[in-house]
Structure formats: C-alpha cells, structure tokens
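Reader: I would like to learn how to read the main features of a structure. Could we go through one together?

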Amino acid sequence: MLVMSFLGFSSGLPLPLSSGTLQAYLSIFGVDIKTIGIFGLVGLPYTLKFLWAPIFDRFSVPILSRRRGWILLTQIVLAILIFTFPFIDPKAKLRLLGIIAVLLAFISASQDIVVDAYRTDSLKEEERGPGVSLFIMGYRVAMLMAGAGALVLSERIGWQMTYACLSLMMVVGILGTLAGKEEQLSVQICEIKDLVVKPLSAILRREKSLLMLALVILYKLGDAYLGAMTIPFLIRGCGFSPTEVGTIGKAMGILFTIVGAFFGGAIMVRWSLWKALFYFGVLQLVSNFGFVALSIYGKSLTLLVLCVAFENLSGGMGTSAFIAFLMSLCDRAYSATQFALLSSISALGRVIISPSSGFVVDYAGWVPFFIISAAFALPGLFILFIVKDHLGKGEAKLPLQKSS
C-alpha cells in the first residue's frame, strides 16, 4: 500500500510541469500568448500513450523485474529532464524548450503506462480499493506540489532551484519502485498479434464486452461535463475572484478528492465492485445539483465550500471505483496495453461532448447546463444494472506461448 502512494506521487509530479506550471513559466518569461497556446499540444502524449503501450508488454529492461525495471528507468530520465528544464532560456531557445517539454510529457506518459500495469498486476481484488485510493492520494499531493507549490516556491528561490527541488522529489517514486515486489510472469510475448490483437481480443472475449466498453466511456461522463465549465461558472457566472476559486475550488477540491478516494477505498473493502460503482455514481450525479443551487442563490462562499466539498468527495470515491473497474478488465499478460487503451477510451466521451458545453451555457443558461450534466451520468448507471452479474469476474485469459 505504501508503494502505491509513492508511485502515485511519482506519476502526478511531472503532469503540471507540462501543463499549468509550464504555462506560468512561459508567461513569466514573456513568451507570446499565442505561442503559449500552442504549447498546450505538449500534453498530447498523455492522450496517445496507448500507441506505444505494447512495447512495455513485449520488452523488459535488464534491471529489477518486468514492470519495475521500466518504472525505474523512466523515473531517472524524468528527474534529469526536470532538472535540465529551467536552464534553457525560453526566449533564446524556445524550440529546444518545446522539445524538452514534449520529451518530458512522453516519458511521464510512459511511466504512467507501466505504473498502471504494475498496480493492476500487483493488487489483488480485495486490495484494489485501498490501493487505488492511496495511489490517488500520492498523485494529487504531487500535482499540488508541482502546481501551486512550484509557483509559490519560484517567487522565493527562483525557477532553477524550484525545478531542482522537484527533480529531487522523484526520489520518492524511486524508493517506491525499489521497495516494491513483483511476481514474475512465466510467459513470453513474441509476435505482433500478441502485442496488438490479443490484448483487444482478451477484452472483447468477456461477457457483455461491448456494454463494458460503453460503461468505460459513460461512467464519468456527467462528472467530466460538469468539470468543463466549473471554473468559468464560478468566475463569470457567480463573480468569485481568481483567489477564491484557486483556494476553494482548486486547493480545497484536491483535498476533498483525496479524502473521497480514501473513503471510497475503505468502503470498497466491504462492498462489491458493482455496489461501489453504483452508489458512488449516484453521488456523482447528485453532486451536480449543488451547482444548480449555487447558480440560483448566487455568490456565497459557504455554498461554494459545500458544493466543492461534495463534488470532489463524490468524484474521488467514484474515481477509486472506476480505476478498480478498469483494473478488473485487464489481463496480467497485457495490462500495460489494456489499461492504457481503456483509460484512453474513457476520455473519449469527454473529448467528444466537452466542446458543446459553452454552447449549451450560451443558449440555455447555467441551470439547464448543470441539469444536463447530471443527466449525462444516467446512461452509465443504467448499463450498470445490465452488467451487474458480470462485474469483477476473473480475467478473460488467452493462451500464451510458454517461455523456455
């Protein structure tokens, strides 16, 4: 369990350095706003990571073990890249900085692939709830430190020392990797079909497989649709200041996400996977109506705190159950490829419908938007009843070539 929290920290630390913190860094150094917008493409490897995930199922590095060897290698490279980053002048060598930023995101996404696979391989069914919750805790704490923490620290000790400190923090993940244990898999994946066809076939061979994939897309859809307009609503719809949104909407939101993940993990020890998915999903749906109340009542710090606390608490619980669900769909032989593919599929619904959020608000207003966002949670809950008897069953295994 402790290893899970350390690896979660290692996964969460690089993410802000290729997104929000990177944007702040470029803004402070006076980079053109259009160029900063283009730098948003730096995060593309996180979306496309399923394309090279099969490499980590097929090959291993000659250190530690099948998964931990790759994790250690990516962590060392990340520490070097983070340390190097602030020594490149954004104005004089912007293209080189962009290459380093993309490489940072690529290695970070690669680390996520193998860490997700290791977590899937290592945690038993009864350990998934608490294991995932501790992973989320480490992940969120690292994001807070590399996000808001980095901005505060940079004003006091400068960007070079800030990035040096962040680079040193990768030691936390390295210690987790070295302390972890891994059962060796007595199979050898050699052919192309083992890398691409069989991982997908293993998922599709499950009972109700298409409905399971639909659930992957739809379960967090209402939560994601709400998130697309939360910050604009608080600033433009309610008139909260950026400081109020940052401290309550962001910092407190992360805290309650961690609490929700912990609480959800503890409950999942006693509940079935279906029960956790259903009740946490209902809470996610209900939490959207808190913003309906806020939009009707108007600006209120007390109501904002209650809405943010409830929304992030239920979201953290739902995320714990959802990740455990994705893990239950993976075969240990292909867990790197399958989890990367499933996590990319889960983002598909959000990517497709999120662009419509602004148009809905502009046409219908805030209250109808929040009601519609809650309605987007209903299809996933409906599918849960159809697949109730098929959740949490064993892996859909396929025959593999034995290693000599």
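Author: The turns below take up the fold, the cysteines, a pocket and several single residues.

Author: This is a predicted model, in which local features need pLDDT of at least 70, side-chain atom pairs count only at pLDDT 80 or more, and totals for chains, interfaces and linings use all residues. Residues are numbered from 1 along each chain as its sequence is written, and side-chain values use heavy atoms, with hydrogens and water left out.

Reader: How many helices and strands are there in the chain?

Author: Helices (H or I, at least four residues) and strands (E, at least two) are DSSP runs, numbered from the N terminus. The chain has 22 helices and 0 strands. Its radius of gyration is 21 Å, close to the 22 Å that the globule rule gives for 404 residues, so the chain is as compact as a globular protein of that length. That radius is taken over C-alpha atoms, and the globule rule is 2.2 Å times the number of residues to the power 0.38. Along the principal axes, the C-alpha trace spans about 65 × 55 × 35 Å.

Reader: What share of the residues in the chain is buried?

Author: Buried means under 20% relative accessible area, exposed over 50%, and partly exposed in between (1.4 Å probe, protein chains only). Of the 404 residues in the chain, 54% are buried. As for contact, the term means heavy atoms within 4.5 Å. Among contacts between residues at least 6 apart in sequence, 84% join residues at least 24 apart.

Reader: How many disulfides does a search of the whole structure find?

Author: A disulfide is a pair of cysteine sulfur atoms within 2.5 Å. The search finds 0 of them.

Reader: Why is there no bond from the sulfur of cysteine 238 to the closest cysteine sulfur?

Author: The closest cysteine sulfur, in cysteine 307, is 8.6 Å away, which is too far for a bond. Cysteine 238 is buried at a relative accessible area of 12%, and cysteine 307 is also buried, at 5%.

Reader: How is a pocket found, and what is the volume of the second largest pocket?

Author: Rolling a probe the size of a water molecule over the atoms shows where empty space is left. On a 1 Å grid over the protein atoms alone, a cavity is a set of points where a 1.4 Å probe fits but cannot get out, whereas a pocket is an open set with protein on both sides within 12 Å along at least five of seven lines; lining residues have an atom within 4 Å of a point. Grid points are joined across faces, edges and corners, and a volume is the space filled by probe spheres set on the points. The second largest pocket has a volume of about 360 Å³.

Reader: Which residues lie nearest the centre of the second largest pocket?

Author: Asp121, Ser122, Leu123, Glu127 and Lys181 do, out of 17 lining residues. Helix H1 (2-12) and helix H7 (94-122) are the elements that give two or more residues to this lining, and H7 provides the largest share, 4 residues. By class, the lining has 6 nonpolar, 3 polar and 8 charged residues. Here Ala, Val, Leu, Ile, Met, Phe, Trp, Tyr, Cys and Pro count as nonpolar, Asp, Glu, Lys and Arg as charged, and the others, Gly among them, as polar.

Reader: Where is serine 122 placed, and which residues is serine 122 in contact with?

Author: Serine 122 belongs to helix H7 and is partly exposed, with a relative accessible area of 29%. Beyond its neighbours within four places in sequence, serine 122 is in contact with Glu127 and Lys181. Its C-alpha atom is 6.7 Å from that of glutamate 182, 60 residues apart along the chain.

Reader: Is glycine 180 buried or exposed?

Author: Glycine 180 is buried, at 7% relative accessible area, and is found in the loop between helix H9 (159-179) and helix H10 (192-195). Leaving aside neighbours within four places in sequence, glycine 180 is in contact with Val3, Arg68 and Tyr118.

Reader: Which residues does phenylalanine 369 touch?

Author: Not counting residues up to four places away in sequence, phenylalanine 369 touches Tyr225, Met229, Ser357, Val360 and Val361. Phenylalanine 369 sits in helix H21 (residues 366-375) and is buried at 0% relative accessibility.
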